[in-house]
Amino acid sequence: MNENPQPDPWSYPSEAVPPTHLPAQPGYPPTAWQGSAPALDVPLAPAESAFGHGRRRRRAPVLIAVATVVALVAGAAAYAGVRLWVGSGAQPEEAMPSTVTAFARIDLSPGYGQRLKVNNLVKKFPQRNGKDAVDELKKGIFDALDISESSYRANVEPWFAERIGVGLWVDGKQPYGLVALASKDDKAARAGLTAIQQGKGSDKFGFVLRDGYALVATGDKGAQAATDTAAKDAQRESLAQAASFRQGVDWLPGQQTALGWADLTRAGDALREISSGMFEKEGLDPEDFPFPPSLFFPGDPVSTGILKDLKGTVIIGALATNDGVDIRFRGFGTSLTAPKTKGDLRATVDALPGDTAIAAAFQVGDTSSAAGQFKPPVDLTPELPPGVELPPGVDPLKEMREMTEQFDAIGKAFAALSDARFTIAVSTLSGRTPGLSATADVTSADKADALAKALKRFGSAVTVTTEGTKVQLKTSGYRAGGGTLGGQELYRQTLAGAPGDATAVFYMDVQRLVDNAGLNAQERGDIAALKAIGLTTGREDGDVVGLVRVLIK
């Protein structure tokens, strides 16, 4: 028996065993080992007792310690992997005040998962200029903000962390563009933005740096003061904290690469304030214009007549997928409602000919108010003054009377379209006349007759037929092929996952249009990866929702 056994290099005192945090527990990953682990009470087998401090006893805590370290390392790797895959870091809405009217943001360096998908989509298109698509997008964004490429390269690029948000913010009657730019070096950001401000002046360019973001305001005057006020607003409540914004973001699936949001009620108020300020600034009377604002905004000259019924918020999100881009939108509590549909619109589009290049089905609401707008601006049926006689066959007022009849026919046609359901199919856009078939299912035979009479004014270029309450218009170039759209895999992929109980359906087979659009080989190659575009709207808890899918393969 070895009376003085050598220390086991794989054993550690119990107090050195790290705590066994799990990656899913709060506080993970730990920044340092804290405290000590409790001593492990490992019962000894008889053979181990005979050897006193035998190797097997000492290895029990050793193996547990090693397993713990391995678990921690694996957990940390998994945690980092997830963050890398889905992206991390504060989003621009955290630097924006909740008082903005509208907001849009884009992450130019998303998580690895989105980056892979975006890069794979970009690679499906020809890259002849050798330029980086993301870099070109960044230059375009800053160019829109009136920051030249040279100024961007020198004063923004070194510190910009590739997350940007843009908002419309109104202070009184003065609108400002707010821009939130993520910073990876606040010192460099301050120096760069100061250089830009020295060139533009603090009246037109202001900025505040806080918590890894630069909040910038641009406007006609008082930009720095506006930035200071907006930054204080953001400290009280950021857009990310606003309930109406969170409601929209929570509805969207996952972290969106690009996002847009607007408060419609605030938009109407902002338009009124901005337009009022513009007229006051110039000392003008709105009613002195040929088309005064009151024509479009009834009531006081700068009221929001057209927008007065708008309310609620709208959210839009864009996400790259393995085979395209999905854009989802929803209006929360808005007055934007779709008419109640008659029958299954999706089934109607499914049944259209299989070679249809453009297809659509939708229902219109009450058009009576629009019909009343189709009146001639002046009396187009005047009579000749007494005593004036014209030579036989001369009628200078004939065209004016025909124009009056045209206005009257269009007005009756619009009235007939109230609560009608439309189905449209385009077989080709080549030639002088596109191949078009359009069917309107109206609410009565009388309305069908009125609509048919108006459509026949297009002349011999179209054929108009009626059957009960249905009116169909076809151009001479329309040709219906065999099969159905519902039987086409491309169509099914494009509209997959669309909202149920569709209120509108749109589908475009891009390559079928390209085939007869007269493009040369290079032009065809430039868009060869773009296969189809689909749009479907529906309802969710009374709100209008929609999905736009751009299929890229």
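**Figure 1. Strand 15 and strand 16 form an antiparallel pair joined by ten bridges.** In this predicted model, strand 15 covers residues 530-540, and strand 16 covers residues 543-552. Within the pairing, Glu540 of the chain stands opposite Asp543 in strand 16. The two strands make a hairpin with two residues between them, and in this hairpin Asp541 adopts a positive phi near 50°.

**Figure 2. Strand 16 is buried on both of its faces.** On one side the buried residues are Asp543, Val545, Leu547, Arg549 and Leu551, while on the other side they are Val544, Gly546, Val548, Val550 and Ile552. In a regular strand, side chains alternate between the two faces of the sheet. Because ten of the ten residues of strand 16 are buried, the strand is largely enclosed by the rest of the structure; a residue counts as buried when its relative accessible area is under 20%. Strand 16 also pairs with strand 8 (residues 324-332), in the antiparallel sense and over seven bridges. In that pairing, Asp326 is found opposite Arg549 of strand 16, and Arg549 is itself among the buried residues of strand 16.

**Figure 3. Strand 3 pairs with strand 2 and with strand 5.** Strand 2 and strand 3 are antiparallel and share nine bridges, whereas six bridges join strand 3 to strand 5, again with the strands running antiparallel. Ala180 of strand 3 takes part in both pairings, being the bridge partner of Gly165 and having Leu215 in strand 5 as a bridge partner. Strand 2 and strand 3 are linked as a hairpin with two residues between the strands, where Gly172 takes a positive phi near 70°. Eight of the ten residues of strand 3 are buried, so strand 3 is largely enclosed by the rest of the structure.

**Figure 4. Helix 7 has a buried side that packs against four strands, namely strand 2, strand 3, strand 4 and strand 5.** Helix 7 comprises the 14 residues 223-236, and its end C-alpha atoms lie 20 Å apart, which agrees with the 20 Å expected at 1.5 Å a residue. The buried residues of helix 7 are Ala223, Ala226, Thr227, Ala230, Ala231, Asp233 and Ala234. These residues cover an arc of only 160° around the axis, which places them on the same side of helix 7. Lys232, Gln235 and Arg236, by contrast, are exposed on the other side of helix 7. The packing partners of the buried residues are strand 2 (160-171), strand 3 (174-183), strand 4 (205-210) and strand 5 (213-218).

**Figure 5. Ala188 is a partly exposed residue of helix 6.** Helix 6 runs over residues 186-200 and includes Ala188. The relative accessibility of Ala188 is 25%, so Ala188 counts as partly exposed, a class that lies between under 20% for buried and over 50% for exposed. Ala188 and Glu157 are separated by 31 residues in sequence, and their C-alpha atoms are 9.9 Å apart in space.

**Figure 6. The whole chain, shown for context, contains 17 helices and 16 strands.** Of the 553 residues in the chain, 37% are buried. Where contacts join residues at least 6 apart in sequence, 66% of them connect residues at least 24 apart. The accessible surface of the chain amounts to about 30500 Å², and carbon and sulfur atoms account for 56% of that surface.

Technical notes. Residues numbered from 1 in each chain as written. Predicted model: local features only at pLDDT ≥ 70, side-chain atom pairs only at ≥ 80, totals over all residues. Heavy atoms only, no water. Expected span 1.5 Å × (residues − 1). Buried < 20%, exposed > 50% of the residue type's maximum accessible area, 1.4 Å probe, protein only. Arc of directions from axis to C-beta. Contact = heavy atoms within 4.5 Å. Pairing = 2+ DSSP bridges. Areas by Shrake-Rupley, 256 points an atom, 1.4 Å probe, with all protein chains shown as cover.
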